[in-house]
Amino acid sequence: MRWPDDSRADAHRSARDHPRREGQVPLTRLPRILAALAATPDAEAVVHWGSELVAVPAAPGELSLRLRAGTRLPLACRRCLAPVDVEVAFDRRFRLIPDVEEVADRDAQAEDHDVLWLDPALDLRELLEDELLLALPMMPVHDDCPSVEGAAPFPVGGSFQAQAGADSQAEETEPRQHPFADLAERLKRGH
Ligand SMILES: [Zn+2]
């Protein structure tokens with residue numbers, strides 16, 4: 001996911017010729033994500049991502065980047081500490097600017113995007129990993145913990161502040177399916 005040739009000219013060329021890209025990164029290529037997991041993910045587990053990179057006509061030399069990604073990660077349940085599969089996703093916008101000295105001021109003024117230096121060596125995979133870490137829910141919990149009865153070593157909700165970027169709350173964990181419900185469904189469909 002590096003720019004084709006580690007140079008700004010190529011970033012601009014990429015924006016012109018291939019503004020939309022998408023793909024998958026194996027979780028094994030994201031060591032900081034792996035370190036945050038409560039269980040070893042499947043060997044073939046991936047993060048799906050998509051990006052849109054376009055020039056900004058009103059600001060020559062600048063690029064606008066939208067980066068989205070999503071995956072399922074086994075995180076430690078805050079109630080029972082056993083792994084709980086959680087959907088984690090983000091959809092972020094960035095402005096990439098060539099003058100490193102303007103970055104801090106511009107970023108402080110920007111409301112709906114982050115301002116980054118158009119670093120000749122900007123690595124999209126590093127950026128994706130940063131954003132995925134920020135999108136991890138602070139309070140992953142099972143809907144129904146497998147082995148604990150009423151024990152709650154951590155308060156759930158209550159005094160903990162709701163996480164910023166609320167799209168990855170624990171409610172998004174899939175309810176565990178009843179195996180026989182699934183079987184009944186398959187029988188209905190005649191498989
Ligand atoms: Zn649990």
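Two strands count as paired if DSSP finds at least two bridges between them. Helices (H or I, at least four residues) and strands (E, at least two) are DSSP runs, numbered from the N terminus. This is a predicted model, in which local features need pLDDT of at least 70 and side-chain atom pairs count only at pLDDT 80 or more, while totals for chains, interfaces and linings use all residues. Residue numbers start from 1 along each chain as its sequence is written.

Q: What makes β1 and β2 a pair?
A: Pairing requires at least two bridges. Strands β1 (residues 20–26) and β2 (residues 46–55) have seven, in the antiparallel sense, so the definition is met. R21 has S51 in β2 as its bridge partner, and P26 stands opposite V46 in β2.

Q: How do you know that β2 and β3 pair?
A: The requirement is at least two bridges; β2 and β3 (residues 63–76) have eight, in the antiparallel sense. They therefore count as paired. A55 stands opposite L63 in β3.

Q: Why is one side of β1 and of β5 left without a neighbour in the sheet?
A: The five strands form an open sheet in the order β1-β2-β3-β4-β5, with mixed pairing. β1 and β5 (114–117) stand at its edges and each has a single partner strand, so one side of each has no neighbour in the sheet. The twist from one strand to the next averages 30 degrees; axes are lines fitted to C-alpha atoms, for helices over the stretch in contact, and angles run from 0 to 180 degrees between N-to-C directions.

Q: Which strands does helix α4 touch?
A: Helix α4 (residues 124–135) packs on the sheet and touches β1, β2, β3 and β4 (83–97). Contact means that the C-beta atoms of two residues, placed from the backbone, lie within 7 Å. The direction of α4 makes about 125 degrees with that of β4.
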